Amino acid sequence: MTSSAASFNRIRIGSAPDSWGVWFPDDPRQVPWRRFLDEVARAGYEWIELGPYGYLPTDPARLAEETSSRGLRVSAGTVFTGLHHGPAVWERTWAHVAGIAALTRAMGADHLVVIPSFWRDDRTGEVLEDRNLTPGQWRHLCRLTERLGREVGDRFGLRIVVHPHADTHIDSEENVSRFLDATDADLVSLCLDTGHYAYCGGDSVKLIETYGERIGYLHLKQVDPEILADVVANEVPFGPAVARGVMCEPPAGVPALGPVLAAARRLDAELFAIVEQDMYPCPPDRPFPIAERTRRFLRSCGA
């Protein structure tokens, strides 16, 4: 095996409920969880994320049976946090995190994806708070994220990977760099979502090359540049932007995923690269053909 092929084999490709239009634990417009598991396996993926807690079964024995019977394994769980609000939210945050972390660990995964809270509602677009943090809020965000990384590691043996996300306070190149520069690399890694980072004006390859040691996990997605230009010009909230199709099927959008995967390969680290094409809401028959085509496209990129 060549060194290049060996490096690509250290990047594990998977998918997530998000690629099937799943944003919530229970929503009549979403694909039922059994259908998601059946189709993600048929599309050629071996790894999945848990998605919103409660969408997939939360009993570890049952979930293990459902996944293993389809040849699937879990790469990560996902939690939402508002740690910039300071110590007053810690207990509530931990109560939310602990149950998800326990299930994630029970499923044999090593990562917990941490998404900061939204400054405007992703469903309605309602502005919930100022889009810019004060210096004090930045300190809270950084220190409590480090605490979360420490506690999750000590209690559950998981590594947190913080997910820059549109309509949150960790979004643009400036804010992502500020967050990484202010947090301990031993406690906090990054889940680089290529679509969200491009949505917020960032260059994923540059980020990987600049902060390579902080990249602990990847989400692979693309944005449609024409729709994005209209979204930015008219300050469209993220949820309605997704409904317009701002996140598109590769290779139709940006960033080009081949160079992203090549940059990740040069890190010489084992990484998950999880396909996560935001499509809420979407017709139930739409996700599977896209997932199959995306898996074939990623194979053509060597992944």
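**A walk from a buried aspartate to helix α3**

Asp167 counts as buried, because its relative accessibility is 5% and the cut-off for that label is under 20%. This is a predicted model, so read every value here as a property of the prediction. Asp167 sits in the loop between β5 (159-162) and α6 (173-181), and its phi is near 65°, a positive value in a residue other than glycine.

Now jump to Glu235, which also has a positive phi, about 50°, without being a glycine. You'll find Glu235 in the loop between α9 (225-233) and α10 (238-243). Is Glu235 buried or exposed? With 57% relative accessibility, Glu235 counts as exposed. As background for both residues, most residues other than glycine have a negative phi, and most peptide bonds are trans.

That brings us to the peptide bonds. Pro250 and Pro251 are joined by a cis peptide bond with omega about 10°, and the bond from Val254 to Pro255 is cis too, with omega near 0°. Pro251 belongs to the loop between β9 (247-248) and α11 (257-266), and Pro255 lies in the loop between β9 and α11 as well.

Next, have a look at helix α3, residues 60-68. Its buried residues are Leu63, Glu66 and Thr67. Looking down the axis of α3, you see them fall within an arc of 95°, so they line one face of the helix. In general, an α-helix has 3.6 residues a turn, so residues three or four places apart point the same way. Turned away from that buried side is a face carrying the exposed residues Ala61, Glu65 and Ser68. The cover over the buried residues of α3 includes α2 (33-42), β2 (47-49) and α4 (90-106).

How do α2 and α3 pack? Their axes come within 10 Å and cross at roughly 40°, which makes α2 oblique to α3. On the α2 side the contact is made by Trp33, Arg34 and Leu37, and on the α3 side by Arg62, Glu66 and Thr67. Sorted by type, the residues of this contact are two nonpolar, one polar and three charged.

Finally, the cores. The largest nonpolar core has 71 residues, and Leu56 and Phe179 are those with the most contacts inside it. Beyond its neighbours within four places in sequence, Leu56 is in contact with Trp33, Phe36, Leu37, Ile48, Glu49, Leu50 and Leu63. There is also a second, separate core of 15 residues, with Tyr199, Val231, Val236 and Phe238 among them.

Terms used. Residues are numbered from 1 along each chain as its sequence is written. This is a predicted model: local features need pLDDT of at least 70, side-chain atom pairs count only at pLDDT 80 or more; totals for chains, interfaces and linings use all residues. Side-chain values use heavy atoms; hydrogens and water are left out. Buried means under 20% relative accessible area, exposed over 50%, partly exposed in between (1.4 Å probe, protein chains only). Helices (H or I, at least four residues) and strands (E, at least two) are DSSP runs, numbered from the N terminus. The arc is that of the directions from the helix axis to the C-beta atoms. Contact means heavy atoms within 4.5 Å. Axes are lines fitted to C-alpha atoms, for helices over the stretch in contact, and angles run from 0 to 180 degrees between N-to-C directions. Angles under 35 degrees count as roughly parallel, over 145 as roughly antiparallel, 65 to 115 as roughly perpendicular and the rest as oblique. Ala, Val, Leu, Ile, Met, Phe, Trp, Tyr, Cys and Pro count as nonpolar, Asp, Glu, Lys and Arg as charged, and the others, Gly among them, as polar. A nonpolar core is a set of buried Ala, Val, Leu, Ile, Met, Phe, Trp, Tyr and Cys residues joined through side-chain atoms within 4.5 Å.
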